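Biologist: I would like a close look at a single part of this protein. Please take the open sheet, strand by strand, and then show me what lies beyond it.

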Amino acid sequence: MNITVTPDVFKLAQVFTISRGSRTEAKVLTVRVEKDGVTGWGECVPYARYNETLDSVTAEIEGLPAEFTREDLQSLLPAGAARNAVDCALWDLEAKQAGKRVWELAGLPEPKAEITAYTLSLDTPENMQKQAAGNAHRPLLKIKLGTPDDMPRLEAVRAGAPDAKIIIDANEGWSAEVYAELAPHLVRLGVELVEQPLPAGEDEALIGMERPVPVCADESCHDRESLPKLKGKYDVVNIKLDKTGGLTEALKLRAQALAEGYEVMVGCMVGSSLAMAPATLVAQGAAVTDLDGPLLLAEDREEPLLFDAEGVHPPKPALWG
């Protein structure tokens, strides 16, 4: 088995800003696993929030043994970007070797299109209203917030897109006091979900707090081991393959989260269609799908995912799986 890791850069269509900073490009790692003349591939986005860099993730992957199975991989690498790219590449390889689709190998129903959120970058209220107005035709908008002065931004987005469903991602940027102050207004403005309002290390404050809008764990939820710490704090978990360490764990996390009474959101880092492709399988029937990474890019992979009025469609075999 031969594994290669290649850094790739995709320019963004416009500057993308969240509470932790801005970017103009998506830096990803493309992993190819070749065996007996067949090659599977996957993509990951090393994330500084989780102490990952392109170099550190590359080193993790290059440190793997010469031969291992996808089952072996789950204990060879921890949950995170490195395991994700290799896991997804192995699924792709297995599908090609078997002459089947990944969803068949995983025992899943044939996937269909899912409505996806479209993310509005953090900006001034005026610019966010313009972003909202320009995307008011989309059924679901996700707003990046996470500052003490977010109320004018939220009002501006609702004014720009009066009919769209809205969810909010604070990216750990609020304090308990700010969240408590904003919560009643979220209901008034028709917000349907709030992602990670408080820092992951300070989310104990959510216990006992009124949650008039469902609260989703993002940075606080990585894999199944995260679930015991979420009780009493969250209503929804955001499953991202770069956090779970691949499709294998993501499917298990989805099943366990649903069994424990959580709703499921399936999200992404800013990456290409190759990164989103496996996540479309996890997103089937999810309460919220947020796989808009390719829509934020100025360029994408060949054979990219199809996005239309029905949402994000599952990948064609030429892309993945």
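Modeller: Here is a walk through the sheet, followed by the cores and two unusual loop residues. This is a predicted model, so local features are given only at pLDDT of at least 70, side-chain atom pairs count only at pLDDT 80 or more, and totals for chains, interfaces and linings use all residues. Residues are numbered from 1 along each chain as its sequence is written, and side-chain values use heavy atoms, with hydrogens and water left out.

Start with the layout. The open sheet has three strands in the order β1-β2-β3, with antiparallel pairing. Strands here are DSSP runs (E, at least two residues), helices are runs of H or I with at least four residues, and both are numbered from the N terminus. Two strands pair if DSSP finds at least two bridges between them. The edge strands are β1 (2–18) and β3 (38–44), and each pairs on one side only. From one strand to the next, the twist averages 20 degrees.

Take β1 and β2 next. They run antiparallel and are joined by 13 bridges. They form a hairpin, with two residues between them. In this pair, I3 stands opposite V33 in β2.

Now move to the other side of β2 (residues 21–35). This strand pairs with β3 in the antiparallel sense, over seven bridges. β2 and β3 also form a hairpin with two residues between them. In that turn, D36 has a positive phi of about 55 degrees. Follow the facing residues along the pair. L29 stands opposite C44 in β3. T30 stands opposite E43 in β3. R32 stands opposite W41 in β3. In a regular strand, side chains alternate between the two faces of the sheet.

What covers the sheet? Helix α3 (residues 81–98) lies across β2 and β3. It runs at about 150 degrees to β3. Such angles run from 0 to 180 degrees between N-to-C directions, and the axes are lines fitted to C-alpha atoms, for helices over the stretch in contact. Contact means heavy atoms within 4.5 Å. Five of the seven residues of β3 are buried, so this strand is largely enclosed by the rest of the structure. Buried means under 20% relative accessible area, exposed over 50%, and partly exposed in between (1.4 Å probe, protein chains only).

Now the cores. A nonpolar core is a set of buried Ala, Val, Leu, Ile, Met, Phe, Trp, Tyr and Cys residues joined through side-chain atoms within 4.5 Å. The largest has 80 residues. I168, W174, Y179, V237, L247 and W320 have the most contacts inside it. Helix α10 (residues 273–282) gives the largest share of this core, seven residues. Apart from it lies another core, of 18 residues, among them V5, L29, V86 and L90. L29 is the residue that stands opposite C44.

Two loop residues close the tour. E172 is found in the loop between β6 (165–169) and α7 (176–188). Its phi is positive, about 70 degrees, although it is not a glycine. E172 is buried, with a relative accessible area of 11%. Q196 lies in the loop between β7 (191–195) and β8 (215–217). Phi of Q196 is also positive, near 35 degrees, in a residue other than glycine. Q196 is buried, with a relative accessible area of 0%.
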